[in-house]
Amino acid sequence: MRVEFAASLVDEFGEAAREIRLAGGDVLVTEGDEAAEVFFVLSGSLEASTTTAYGELTVGTIDAGGIVGEVTTIAGGRRTATLSAVGDVTVLVIGRADFEHWLDEHPAFADAVSAKARERIDRSQVAAMVTDLMQTTDNELIQEVVDRVGWRRLDAGDTLFEQGDESDAAYFIVGGRLIILVRDADGGEELVREIGRTEVVGELGLLDRRPRSATVRAVRDTTLAAFPTALFEELVSKSPALMLHVTRGILGRATKPRRVIDRAASLAVAVTSPVDARPLFDGLVAEVARHGTVRHLSSSRVDALLNRQGIAQATVDNVGVPRLAEFMHEADVGNDYVVLEADREMTAWTRRSLRQADRLVLVSSPHPDEAERAAMAAVLDAIEGASHVARMLAVLHPADTDRPRNTSALLDEFAFDEVVHVRVGSSDDVKRLARLASGNGVGLVLSGGGARGFAHIGAYLALRENGVPVDQVAGCSMGAPISGGIAIGTPDDRLVDEVQAQFRRLLDYTLPMVALIKGERISGNIEATFGDWTIEDMWLPYYTVSTNLTQSRMEVHRRGDAALAIRASVAIPGVLPPVPYGGDLLVDGGVLNNLPTEVMSRDATIGTIIAVDVAPELGPRSKLDYGLHVSGFRALAARFRGKGRDYPSLSAVLLRSMLTGAVRNQQAALQDGTVDLLLSLHLPGIGLLEFDQVKAVAESGYEASIEAVREWAAGQPWLGATA
């Protein structure tokens with residue numbers, strides 16, 4: 001076929017194409033050049049090389065009769081490798097349009113070109129992965145490795161190996177996505193993790209020579225490079241860098257909490273709202289591009305890029321399907337992200353987009369009519385059973401919307417994992433959607449700490465001043481109402497005033513049968529701010545935590561009555577009454593975890609976590625050795641004489657007792673590296689119950705955090721002007 005292929009090309013193009021003669025070492029094209037032509041090697045050989053962090057790497061050789069540059073030329077974009085002559089070479093240069101026409105006229109050759117291109121792309125990917133893992137550009141070794149690997153192609157739903165199978169190979173994921181499952185006590189399967197391109201699976205079984213400890217299954221069409229036991233052990237013995245990488249990966253999985261679902265590399269965006277979605281797609285793609293390379297594909301774009309009308313809708317055409325499949329594979333493998341714009345109708349392209357997705361983003365109206373509801377249901381039906389596809393609802397509101405309403409009704413009717421609110425014309429909202437949908441959201445977690453929590457306002461304003469966006473916010477205890485105020489969209493310049501109003505005349509002491517404080521005032525203040533809000537309706541995704549006294553567990557509040565959740569989170573045991581909750585009693589979340597970052601770390605929409613801790617490093621002290629018993633009357637008399645600080649206050653003892661265990665858990669959680677920026681604020685002289693000092697404490701929080709925020713923000717290349 002190779003001879004027929006060569007003859008067909010030469011006969012077809014003849015005078016339309018031009019010949020180029022190269023001497024040894026001459027460069028035909030350079031990595032990064034615009035791609036507009038295809039090259040057919042008439043005689044001699046071309047060497048393809050790419051630049052890595054460790055130098056130049058040869059990724060392949062194209063001999064006489066071979067073709068190169070066809071995928072990049074058809075798909076658009078820039079050259080992915082430099083092509084240099086090995087000795088004297090003659091090349092036939094064919095323009096894109098002519099080559100497209102030729103492919104249409106020769107379907108059998110089109111399939112052969114597609115298969116060859118896929119092989120070259122996959123080999124190049126494996127070469128780059130091995131180079132990175134082994135930290136070498138020993139071309140001879142790399143090519144030997146690539147020549148010796150086996151290839152596995154899995155369709156969505158296929159199993160790579162079962163738990164208990166013999167461990168006979170490790171696998172590098174070239175493209176696609178896998179899930180890892182383990183059997184539970186009842187014989188069912190529990191999802192442990194999802195993994196994607198460039199990751200390694202199956203290596204542990206080779207190292208400890210035991211049967212497979214989990215089942216691995218493809219959730220998307222997946223290509224893997226298989227490294228048999230002998231080859232893998234040989235590479236590990238030759239490369240300390242690879243051994244270190246493998247060891248770190250195994251230890252990391254064993255000792256650190258991990259996200260079950262990694263960031264979404266492939267996003268399918270389906271719009272059912274009747275508004276013009278073009279600005280939304282433009283803004284979404286531009287923002288995702290800040291975090292890596294991105295390819296935006298719609299049915300019309302695919303038709304144009306492949307220069308064939310209707311190819312995006314191909315279902316059985318023997319020319320269209322292989323070329324479309326190869327094109328999609330190249331887009332997936334060659335980019336960090338792919339944004340797949342579904343058609344408005346349930347077309348073949350829409351179904352293909354949904355099958356390729358790691359996350360579905362469905363953009364709906366806030367109050368969809370019957371026709372739109374049917375369209376939403378059709379999209380969700382198309383991914384029925386695809387449990388790996390995360391489902392995000394983006395509610396698109398009119399530009400003048402004051403606040404979202406009745407979002408819970410949509411979430412009750414349709415099964416979505418997350419909801420994000422977007423206003424038409426708001427670039428900030430679109431950027432937030434882009435970051436969350438692609439797994440690059442910025443999460444802010446605020447700790448408890450009594451009145452010292454007002455410092456959170458200053459830390460938040462320092463972040464905003466330095467262009468750091470906040471896409472999801474969470475808080476515990478005093479951090480709950482502060483983060484709640486941010487989540488409902490309180491303007492930055494109104495935060496201090498709103499919090500002052502919320503905490504005015506807060507302490508209503510009562511007979512301490514249940515708690516020191518009656519709680520009527522603080523409950524009324526919380527109701528005044530959050531009483532008619534549900535968490536689903538907040539402008540920013542939000543959660544708070546409380547402690548379920550009845551069941552001895554942490555309660556995470558992501559849906560429902562915002563006022564109840566916040567009131568429960570601030571219910572310091574002994575100071576404020578517990579909150580009834582479905583027959584259980586809830587108290588302050590700080591009892592179990594005063595800085596709940598691990599909840600955020602398990603959220604696949606979040607890529608950066610910022611935590612602010614205002615809990616005092618040291619608890620109360622006593623200047624007086626009052627022995628083993630204390631007279632309340634004597635302590636009261638000492639207070640009147642101005643010596644009240646000689647005795648620890650009841651509220652301080654209760655609050656610090658609550659924080660002691662939580663601080664220990666919190667320190668252990670922070671050591672796992674999931675928090676990207678920790679602002680631990682030292683705030684001397686601020687009492688835990690000084691609720692009349694909002695403005696002063698907020699200013700102290702700003703001063704205590706601004707330098708650390710500036711330094712951190714300056715080191716984040718993706719920030720730019722995203723805020």
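In what order do the 6 strands of the open sheet with parallel pairing come? The close-ups below start there; keep in mind that this is a predicted model.

**View 1. The open sheet with parallel pairing.** Reading across its 6 strands, the order is β16-β17-β15-β18-β19-β20. At the edges sit β16 (294–298) and β20 (418–423), and each of these finds a pairing partner on one side only. Ignoring direction, neighbouring strands here are turned by 20° against each other on average. Zoom in on β15 (residues 266–271) and β18 (residues 359–364), and you'll find a parallel pair held over 5 bridges. Val-269 has Val-361 of β18 as its bridge partner. Helix α15 (residues 427–437) lies across β15, β18, β19 (390–397) and β20, and runs at about 155° to β20.

**View 2. The open sheet with antiparallel pairing.** This one has 4 strands, in the order β8-β13-β10-β11. Edge duty goes to β8 (159–161) and β11 (189–196); each has a single partner strand, so one side of each is left without a neighbour in the sheet. From one strand to the next, the twist averages 30°. Strands β10 (residues 177–183) and β13 (residues 215–218) run antiparallel and are joined by 4 bridges. Look for Ile-179, which stands opposite Arg-217 in β13.

**View 3. Strand β6 and its partners.** Of the 14 residues in β6 (residues 82–95), 10 are buried, so this strand is largely enclosed by the rest of the structure. Strand β3 (residues 37–52) pairs with β6 in the antiparallel sense over 11 bridges, and Val-41 stands opposite Val-91 in β6. Strand β1 (residues 18–22) is also antiparallel to β6, with 5 bridges between them; there, Arg-18 has Val-93 as its bridge partner. Then there's β2 (residues 27–29), antiparallel to β6 over 2 bridges, where Val-29 is matched with Leu-83.

**View 4. The buried face of helix α18.** In α18 (residues 495–502), the buried residues are Leu-495, Val-496, Val-499 and Gln-502. Look down the helix axis and they fall within an arc of 125°, so they line one face of α18.

**View 5. A few of the salt bridges.** The count for the model comes to 28 salt bridges. In one of them, the side chains of Glu-19 and Arg-21 meet at 3.7 Å, N to O. Glu-19 is partly exposed, at 48% relative accessible area, while Arg-21 is exposed, at 65%. Another joins Glu-199 to Arg-193, with the closest N and O atoms 3.3 Å apart. Buried means under 20% relative accessible area, so Arg-193, at 16%, counts as buried, whereas Glu-199, at 21%, counts as partly exposed.

**View 6. A salt bridge between distant parts of the chain.** Arg-403 and Asp-532 meet through their side chains at 3.2 Å, N to O. They are 129 residues apart: Arg-403 is in the loop between β19 and α14 (407–413), and Asp-532 is in the loop between α19 (520–530) and β23 (542–548). Which of the two is buried and which is exposed? Arg-403 is buried, with a relative accessible area of 11%, and Asp-532 is exposed, with 57%. Elsewhere, salt bridges with shared partners tie Arg-177, Arg-220, Asp-332 and Asp-358 into one network.

Definitions and conventions: Residues are numbered from 1 along each chain as its sequence is written. This is a predicted model: local features need pLDDT of at least 70, side-chain atom pairs count only at pLDDT 80 or more; totals for chains, interfaces and linings use all residues. Side-chain values use heavy atoms; hydrogens and water are left out. Two strands pair if DSSP finds at least two bridges between them. Axes are lines fitted to C-alpha atoms, for helices over the stretch in contact, and angles run from 0 to 180 degrees between N-to-C directions. Buried means under 20% relative accessible area, exposed over 50%, partly exposed in between (1.4 Å probe, protein chains only). The arc is that of the directions from the helix axis to the C-beta atoms. Contact means heavy atoms within 4.5 Å. A salt bridge is a side-chain nitrogen of Lys or Arg within 4 Å of a carboxyl oxygen of Asp or Glu.
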